[in-house]
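Hi,

Here is the structure I said I would pass on. Have a look at it first, and my notes on what I found are underneath.

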Amino acid sequence: MERGNSPNLQLQQLPLATAAVSAQPHTDSFSYKENLIGALLAIFGHLVISIALNLQKYSHVRLAGSKDPRAYFKTKTWWCGLFLLVLGELGVFSSYAFAPLSLIVPLSAVSVIASAIIGIIFIKEKWKPKDFLSCGLAIVGTYLLITFGPNSHEKMTGENITRHLVSWPFLLYMLVEIIMFCLLLYFYKEKNANYIVVILLLVALLGSMTAVTVKAVAGMILVSIQGNLQLDYPIFYIMLVCMIATAIFQATFLAQASQLYDSSQIASVGYILSTTAAITAGATFYLDFTGEDVLHICMFALGCLIAFLGVFLITRNRKKSVPFEPYISMDAMPGMQNMHDKGTAVQPDLKASFSYGALENNDNMPEIYTPATLPIVQEQHGPKGASAPPYRVLEHSKKE
């Protein structure tokens with residue numbers, strides 16, 4: 001009887017073993033699908049954000065010189081940009097719920113690439129061939145990031161987040177980060193170390209905590225939508241408060257940096273430092289690279305370096321923005337462009353050694369525009385009875 005039943009038992013166990021083996025590829029394919037969804041949401045969000053910022057920039061440029069400093073509030077272009085900005089931020093926020101933190105954060109390079117391309121097409125910014133090479137490097141780096149990004153997925157439940165929050169790797173990371181933040185803040189406030197690296201390191205350390213909390217909040221909201229309510233856990237509200245607080249302090253330090261340094265420098269250095277800090281935080285809190293092989297980690301690091309280089313070159317090649325100053329309109333003079341020519345021409349840059357208003361020094365200007373000269377003749381003292389004019393005007397021709 002035992003021998004007769006053994007084949008039946010083996011046949012019954014065979015489908016179970018087959019199902020167990022086939023379950024792993026399905027899980028892997030589902031995790032890759034989540035990675036793709038998160039990456040596409042992040043790319044879409046950053047593209048929309050770049051379009052929104054350029055729309056608002058276009059609105060500001062068109063209204064430059066207006067007597068009302070808030071005239072752009074009355075334009076549809078500016079409000080459309082604001083709506084797209086909110087939509088893009090929602091897309092980026094949603095992407096954290098699907099893909100690992102270390103994959104989503106570096107994709108902010110898409111915003112820099114899109115802003116550069118949109119600036120060429122719509123705002124008519126001038127570009128050189130090396131600028132296209134910089135964009136190509138950033139695109140290659142982004143492709144490597146998506147292809148070799150971490151594939152660790154975990155449901156963002158209250159228990160899992162609490163367990164990660166009290167784990168010793170994250171506690172050690174928090175201790176090091178708090179010490180670094182306090183030292184940098186001391187040198188910045190007390191020693192007046194207003195270096196761009198110091199300020200943006202403060203932003204990056206705060207940004208790493210913002211990224212950790214954003215993923216926790218977005219993940220718990222997604223799990224709650226799927227049917228497992230997580231909003232009744234206190235950890236959700238703790239993460240929400242930390243997310244808002246760190247974001248506000250980030251904005252404060254960024255505003256201070258923008259008053260001291262050019263926006264292109266802030267964009268490049270801030271992207272490199274913030275991405276590095278956020279990837280480190282994701283690796284310690286969410287264990288993003290657990291189970292990944294060395295090749296994938298090395299290729300991911302290579303993608304980060306290439307994206308860093310591309311973003312740095314894109315922002316370095318951009319011209320510094322020149323604030324608007326009132327100038328004299330020269331509509332009557334042929335060949336001189338100004339901002340009132342139906343929006344087709346922009347006031348020329350002040351590059352000449354001698355210039356006034358919107359005019360540049362031009363030695364080839366016609367004779368009709370040559371200023372008249374009034375040479376002064378010194379008074380000649382004659383007899384006391386004779387009076388001489390203090391000066392006289394001589395007529396000079398162009399030949400002289």
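**Where to be careful**

Start with residues 338–370: the pLDDT stays under 50 there, and the model has 50 contacts for this stretch beyond four places in sequence. Do keep in mind that this is a predicted model. Residues 321–334 also have a pLDDT below 50, with 22 contacts beyond near neighbours in sequence. For the chain as a whole, the mean pLDDT is 76, and 70% of the residues reach 70 or more.

**The overall picture**

The chain has eleven helices and zero strands. Of its 400 residues, 35% count as buried. If you take the contacts between residues at least 6 apart in sequence, 73% of them join residues at least 24 apart.

**Helix α7**

I spent some time on α7, which covers residues 168–189. From first C-alpha to last it reaches 31 Å, close to the 32 Å expected for its 22 residues at 1.5 Å a residue. Which of its residues are buried? They are F170, Y173, E177, L184 and Y188. These sit on the same side of α7, because they cover an arc of only 60° around the axis. As for what they pack against, the partners are α6 (158–165), α8 (196–225), α9 (234–260) and α10 (263–285).

**The cores**

The largest nonpolar core has 33 residues, and the members that touch the most others are Y96, L101, I161, V212, M239, F285 and Y286. Two or more residues each come from α1 (2–62), α3 (101–104), α7, α8, α9 and α10. The biggest giver is α8, with nine residues. In general, nonpolar side chains in soluble globular proteins tend to be buried together.

F285 is a good one to click on: leaving out residues up to four places away in sequence, F285 touches I161, H164, L165, F170, V212 and M239. So F170 turns up twice, as a buried residue of α7 and as a contact of F285.

Another core, of 16 residues, lies apart from the largest one; among its members are A109, I113, I279 and C304.

**Cysteines**

How many disulfides does the structure hold? The count is zero. Two of the cysteines are worth a look for their surroundings: C135 is buried, at a relative accessible area of 6%, whereas C242 counts as partly exposed, at 35% relative accessibility.

Cheers

Methods: Residues are numbered from 1 along each chain as its sequence is written. This is a predicted model: local features need pLDDT of at least 70, side-chain atom pairs count only at pLDDT 80 or more; totals for chains, interfaces and linings use all residues. Side-chain values use heavy atoms; hydrogens and water are left out. pLDDT is the predictor's confidence in each residue, from 0 to 100. Contact means heavy atoms within 4.5 Å. Helices (H or I, at least four residues) and strands (E, at least two) are DSSP runs, numbered from the N terminus. The expected span of a helix is 1.5 Å times one less than its number of residues. Buried means under 20% relative accessible area, exposed over 50%, partly exposed in between (1.4 Å probe, protein chains only). The arc is that of the directions from the helix axis to the C-beta atoms. A nonpolar core is a set of buried Ala, Val, Leu, Ile, Met, Phe, Trp, Tyr and Cys residues joined through side-chain atoms within 4.5 Å. A disulfide is a pair of cysteine sulfur atoms within 2.5 Å.
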